[in-house]
Amino acid sequence: HSDAQAATLPTIMMTQRTTNYNYTQIQRHSYGFARTAMQTEWYGGPLLDKERRKKLVEHKRDIENTNFFGPRYYTATGPQHTAGGLIEFITTNISSAAGAFDKAELQTFLRTGLQYGNKGQKVLFVAPIIAAALGQFLQDNWIRSGPDETVFGAKIDGVISSAYGGPEVPVVIKSDWNKYQTGTSNQYGSRAFLVDLGNVQYLEMQPTVQLRNRQDPSYDGVKEEYLTEHTLRVEIEKSHQLWTNVTS
């Protein structure tokens, strides 16, 4: 670009700012037992303490699923609102494998997903079926084993773009996604998210709290719950990428 001498102000070129917004979401997980049940000796220990730990895990798992798969929604009835996850905001860089996933597709996806944002802050969150496909890339280069070798298989912890080079993009396997359906019809179990951690922020209006004694005064037992009101802030939508339809 070249400007003439004594020229007037050149055409103003600025980054287009997004007006996208998100709602907060209230998530609650309750549990409780009758007094008789709590005083009974059970295999595995006291009911209440064990259920408290279990429900907290379930609560955190659902919050995480909202951050990936939640729809942004609001209704005046209630009112009730749900927080949109990454799937709601990623609209530009969506790449479909439409079946088997190979090395060339991996590099094509990375070339697209790494061109925007902070390359050093990208993390690849993958469903187990995609992790298995990545592991086969190393198994294809398997060296003949000796007679004492009894282990076969490979686990991928990171990938590097042949177009951009380093840094290495860490791979995080989301084991819970294995329970979702897989296939070429946009099932959640066949997806991966390339996330720029510098452009997402988890926010809490009400940090996770354990609320005890939620039972009616006349109830012969105990009821409790975990409650969180949270949302996800997503910035620079092009810095994130969604991979879909990986079947093997």
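A charge is said to sit over a ring if NZ of Lys or CZ of Arg is within 6 Å of the ring centre and within 35 degrees of the ring normal. The structure is a predicted model, in which local features need pLDDT of at least 70, side-chain atom pairs count only at pLDDT 80 or more, and totals for chains, interfaces and linings use all residues. Residues are numbered from 1 along each chain as its sequence is written, and side-chain values use heavy atoms, with hydrogens and water left out.

**Exercise 1. Charges over rings**

Task: Identify the ring over which the charged end of K119 sits, and do likewise for K223.

Solution: For K119, the ring is that of Y164, with a distance of 4.9 Å to the ring centre. For K223, the ring is that of Y219, and the distance to the centre is 4.6 Å.

**Exercise 2. The sheet and strand β11**

Task: State the strand order of the open sheet and place β11 in it by its bridges.

Solution: Strands are DSSP runs of E with at least two residues, and helices are runs of H or I with at least four, both numbered from the N terminus. Two strands pair if DSSP finds at least two bridges between them.

Step 1. The sheet has 6 strands in the order β4-β11-β8-β5-β7-β6, and its pairing is mixed. β4 and β6 (158–161) stand at the edges with a single partner strand each, so one side of each has no neighbour in the sheet. From one strand to the next, the twist averages 20°; axes here are lines fitted to C-alpha atoms, for helices over the stretch in contact, and angles run from 0 to 180 degrees between N-to-C directions.

Step 2. Strand β4 (residues 94–99) runs parallel to β11 and is joined to it by 4 bridges. The bridge partner of I94 in β11 is L242, and that of S95 is W243.

Step 3. β8 pairs with β11 in the antiparallel sense over 3 bridges; Q241 in β11 is the bridge partner of L194.

Step 4. Buried means under 20% relative accessible area, exposed over 50%, and partly exposed in between (1.4 Å probe, protein chains only). Of the 6 residues of β11 (residues 241–246), 6 are buried, so this strand is largely enclosed by the rest of the structure.

**Exercise 3. F193, its core and its ring cluster**

Task: Describe the surroundings of F193 and the aromatic pairs of F68 and F69.

Solution: A nonpolar core is a set of buried Ala, Val, Leu, Ile, Met, Phe, Trp, Tyr and Cys residues joined through side-chain atoms within 4.5 Å.

Step 1. The largest nonpolar core has 36 residues, of which F101, L124 and F193 touch the most other members. Helix α5 (residues 128–139) gives the most to this core, namely 6 residues.

Step 2. F193 is buried, at a relative accessible area of 0%. Beyond four places in sequence, its contacts (heavy atoms within 4.5 Å) include F69, L86, I90, L124 and W177.

Step 3. Rings of Phe, Tyr and Trp (its six-membered ring) pair if their centres lie within 6.5 Å; planes under 30 degrees apart count as stacked, over 60 as edge-to-face and the rest as tilted. There are 17 aromatic pairs in the structure. F68 and F125 form one that is edge-to-face, 5.3 Å centre to centre with 65° between the planes. Because F68 lies in helix α2 (residues 47–69) and F125 in strand β5 (residues 122–126), this pair ties together parts 57 residues apart in sequence. F68 is buried at 6% relative accessibility, and F125 is buried at 15%.

Step 4. F69 and F193 also form an edge-to-face pair, 5.7 Å centre to centre and 70° between the planes. F69 lies in helix α2 and F193 in strand β8 (residues 192–196), so the pair ties together parts 124 residues apart in sequence.
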